[in-house]
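Open the model in your viewer and keep the sequence panel in sight. The stops below go from a single residue to a sheet, and then to the confidence colouring.

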Amino acid sequence: MGSGEWCLQERDSIRSDSISSNENVSETGCLSIIVLGASGDLAKKKTFPALFHLYCQGFLPPHEVHIFGYARTKISGDGLRNRIHGYLASDRNASPSEDVSKFLQLIQYVSGSYDAAEGFQLLDKEIAKHEISKSSQEGSSRRLFYLALPPSVYPSVCRMIRKYCMNKSDLGGWTRIVVEKPFGKDLDSAEQLSSHIGELFDEPQIYRIDHYLGKELVQNLLVLRFANRFFLPLWNRDNINNVQIVFREDFGTEGRGGYFDEYGIIRDIIQNHLLQVLCLVAMERPVSLKPEHIRDEKVKVLQSVLPIKDEDVVLGQYEGYRDDPTVPDHSNTPTFATVILHIHNERWEGVPFILKAGKALNSRKAEIRVQFKDVPGDIFKCKKQGRNEFVIRLQPSEAMYMKLTVKQPGLEMSTVQSELDLSYRQRYQGVTIPEAYERLILDTIRGDQQHFVRRDELKAAWEIFTPLLHRIDNGEMKPIPYQPGSRGPAEADELSAKAGYVQTHGYIWIPPTL
């Protein structure tokens with residue numbers, strides 16, 4: 001029987017799962033969390049620490065939850081626990097060592113191939129043992145599969161899960177899968193991947209995770225825009241000159257050159273992370289906070305983006321990038337890019353959205369910078385000092401601040417730029433800001449897809465960038481060399497200035513101290 005045939009037969013017997021976003025984690029049957037690729041970097045550095053922090057906060061009750069690791073690596077359960085033990089303690093976590101030990105006891109390891117039945121049959125057997133031990137009624141249990149794997153194995157892994165590891169959902173249980181980016185390399189490969197997974201699972205079962213959507217300040221965007229009266233009349237082309245969304249790292253590929261060279265900075269950062277942020281900045285007010293209403297508005301933004309012109313792009317590659325032995329000697333892969341997008345709708349016509357990302361730069365930060373137009377009839381002659389800006393700093397030192405012109409203290413009528421500042425570390429002392437993966441994994445358990453990428457949203461995003469990426473891949477566009485530790489190619493600053501961005505000189509935002 002072909003995969004499509006058994007897939008359709010099984011889907012007939014399994015209803016689409018749907019759970020309220022405010023449902024408590026413990027309201028239905030026992031929960032099994034299965035981390036595929038458990039021995040890899042992503043799992044030990046992000047997935048297992050996020051699960052541990054959820055456990056410490058009481059979201060993963062030990063009497064209900066069991067965690068399974070699955071990978072090809074031939075190690076024991078103790079071997080996996082030893083691998084991840086050192087990543088569970090952090091500066092934000094003052095948990096006693098017994099918490100770590102108790103959490104590690106929840107983890108079981110199964111070794112097996114990603115494309116053979118035996119391993120997944122064994123995995124299903126172990127999950128069923130756990131469910132029986134918790135006296136969970138068949139059909140009421142929940143199975144969450146987290147694919148901490150390269151996308152190349154998604155189709156085979158999803159087929160194995162579908163055929164051997166599904167939970168019957170007729171009594172309130174469910175099976176969900178979480179897939180990590182990159183979701184393909186261009187429109188065709190993304191659609192092919194979506195088709196493979198879509199044949200096996202319904203859209204409500206698929207959680208395409210982009211960890212930027214789990215960041216505290218990104219999640220604050222909808223509240224800022226739609227719960228504050230003074231933003232409503234300002235958030236449009238009549239008042240805003242340009243919007244910058246920036247991602248900067250002060251280090252290079254550092255041993256990941258071979259992986260990075262397959263994708264480049266646009267696929268790695270701009271097409272997903274920064275484009276998702278753009279959607280939240282630019283979208284219209286949704287009908288409600290239901291996930292589908294929010295994602296509908298994000299798709300409308302993406303479908304309104306005009307095709308990217310070559311003159312709206314500057315690419316860079318830091319000097320020394322190709323010294324990495326895993327990087328081809330004549331690599332054309334950009335490590336830096338500035339791309340200007342234009343949204344063709346009533347709110348944003350004529351406002352450039354400047355997306356900028358780069359490695360080996362002079363600072364590390366991610367921020368949104370909304371720059372307002374000049375004040376008409378400037379009687380204070382303070383235009384040269386800079387424009388009003390609303391800045392949302394995503395990382396590090398989470399903050400939001402408004403740059404504005406004020407009178408400088410003293411007897412003279414002179415002006416200076418200052419800020420109205422909300423710095424989270426100072427304002428919310430003693431409050432721990434959760435890591436993005438914690439929030440998103442909890443959302444998957446609750447069945448809330450608001451902060452995950454829908455299939456049509458993914459398609460619209462790839463439609464924007466695929467023509468540009470193909471021109472780069474074909475060598476039609478070349479990156480400009482730039483010095484590590486610099487701002488990137490000077491041409492990028494020239495492009496931003498041409499688009500209308502005015503850089504402020506003489507003003508530096510300093511995070512307040514406690």
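Select serine 304 in this predicted model: the residue sits in the loop that links helix H11 (291-303) to E8. Is serine 304 buried or exposed? Its relative accessible area is 19%, and the cut-off for buried is under 20%, so serine 304 counts as buried. Now show its surroundings. Leaving aside residues up to four places away in sequence, serine 304 touches His342, Ile343, His344 and Asn345.

Next, select the sheet. Nine strands form an open sheet in the order E14-E13-E12-E11-E7-E10-E9-E8-E15, and the pairing is mixed. Go to the edges: strand E14 (415-423) and strand E15 (480-482) each have a single partner strand, so one side of each lacks a neighbour in the sheet. From one strand to the next, the twist averages 20 degrees.

Within the sheet, pick strand E7 (residues 240-248) and strand E11 (residues 365-372), which pair in the antiparallel sense over eight bridges. Here valine 243 stands opposite valine 370 in E11.

Then add the helices. Helix H14 (residues 455-473) packs on the sheet and touches strand E8 (313-318) and strand E9 (336-342), its direction making about 140 degrees with that of E9. Helix H15 (residues 490-499) also packs on the sheet, touching E7, E8, E9, strand E10 (352-358) and E15; the direction of H15 makes about 15 degrees with that of E9.

Last, colour by pLDDT. The protein averages 86, and 91% of the residues score at least 70. Select residues 1-26, where the pLDDT is below 50; this stretch has 49 contacts in the model beyond near neighbours in sequence.

Technical notes. Residues are numbered from 1 along each chain as its sequence is written. This is a predicted model: local features need pLDDT of at least 70, side-chain atom pairs count only at pLDDT 80 or more; totals for chains, interfaces and linings use all residues. Side-chain values use heavy atoms; hydrogens and water are left out. pLDDT is the predictor's confidence in each residue, from 0 to 100. Contact means heavy atoms within 4.5 Å. Two strands pair if DSSP finds at least two bridges between them. Helices (H or I, at least four residues) and strands (E, at least two) are DSSP runs, numbered from the N terminus. Axes are lines fitted to C-alpha atoms, for helices over the stretch in contact, and angles run from 0 to 180 degrees between N-to-C directions. Buried means under 20% relative accessible area, exposed over 50%, partly exposed in between (1.4 Å probe, protein chains only).
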